Amino acid sequence: MFGILICIAAGAAMSFQGVMNTRLGESIGTGEANAFVQATAAVLALAVLVFHRDGSFSALGGTNWLYMLGGVLGLVITLTVMLGMHALTPATAVSIILVSQLLTAGAIDALGLMGTERVPLTWTKAIGAALMIAGVVVFKR
């Protein structure tokens, strides 16, 4: 139940953040808003380390370099969500983002990418994904 509640909170936060960042971008510029948001997140993440640490930066040397690109993806995510919400409505943008997330996560599961446990793609999952895509098309109309 804890995992479900955290995921609900994450989804709600992402929707609010997307709109907030888009409005900030309309006010100060997309690149400027992106830089401000990323810098704010970095400062706050460092502040959290003062109160909560459960690892060590010294372990970075033994980590696959690919896994260190999460920050790059954070930049891509923030920028593309802002641009998508500006071009579409927030609900349409989030709908498309969610379908993209689900399809990508399904591919990661099915292929066992980045050390994840392989979870086979079943016909029920394929139908579910197709229904989500159809739902976005219906929602958009």
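## A guided tour of a five-helix chain

Begin with the whole protein chain displayed: among its contacts with a separation of 6 or more, 63% are between residues 24 or more positions apart, a contact being a pair with heavy atoms within 4.5 Å. The model is a predicted one, in which local features need pLDDT of at least 70 and side-chain atom pairs count only at pLDDT 80 or more, while totals for chains, interfaces and linings use all residues. Residues are numbered from 1 along each chain as its sequence is written, and side-chain values use heavy atoms, with hydrogens and water left out.

**The whole chain.** Colour by secondary structure, and five helices and zero strands should appear, running α-α-α-α-α from the N terminus on; helices here are DSSP runs of H or I with at least four residues, strands are runs of E with at least two, and both are numbered from the N terminus. Along the principal axes, the C-alpha atoms fill a box of roughly 45 × 45 × 30 Å. Buried residues, meaning those under 20% relative accessible area (exposed is over 50%, partly exposed in between, with a 1.4 Å probe and protein chains only), make up 14% of the 141 residues.

**Helix H3.** Select residues 70–87 next, which form an 18-residue helix reaching 25 Å from its first C-alpha to its last, close to the 26 Å expected at 1.5 Å a residue; the expected span is 1.5 Å times one less than the number of residues. Show the side chains of Thr78, Val81, Met82 and Met85, the buried residues of H3. They cover an arc of only 95 degrees around the axis, which puts them on the same side of H3, the arc being that of the directions from the helix axis to the C-beta atoms. An α-helix has 3.6 residues a turn, so residues three or four places apart point the same way. Turn to the face of H3 away from its buried side, and the exposed residues Leu73 and Ala87 are there. To see what covers the buried residues of H3, add helix H1 (2–28), helix H2 (30–51) and helix H4 (90–111), which are included in that cover.

**Thr78.** Stay within helix H3 and centre on Thr78, which counts as buried because its relative accessibility is 9%. Leaving aside neighbours within four places in sequence, Thr78 is in contact with Asn21, Asn34, Val37 and Gln38.

**Helix H2.** Move to H2, where the 22 residues should span 32 Å at 1.5 Å a residue, and the end C-alpha atoms are indeed 32 Å apart. Ala33, Asn34 and Val37 are the residues to pick out as buried in H2. They cover an arc of only 100 degrees around the axis, and therefore lie on the same side of H2. The face turned away from the buried side of H2 carries the exposed residues Phe36, Val43, Leu46 and Val50, whereas the cover over the buried residues of H2 includes H1 and H3.

**The loop between H4 and H5.** Finish in the loop that leads from H4 to helix H5 (123–140), and select Met114 there. Although Met114 is not a glycine, this residue has a positive phi of about 55 degrees, and with a relative accessible area of 48% it is partly exposed. Arg118 lies in the loop between H4 and H5 as well and, at 57% relative accessibility, counts as exposed. Apart from neighbours within four places in sequence, Arg118 is in contact with Asp109, Ala110, Leu111 and Gly112. For a last distance, select Arg118 and Ala130, which are 12 residues apart in sequence and 21 Å apart in space, C-alpha to C-alpha.
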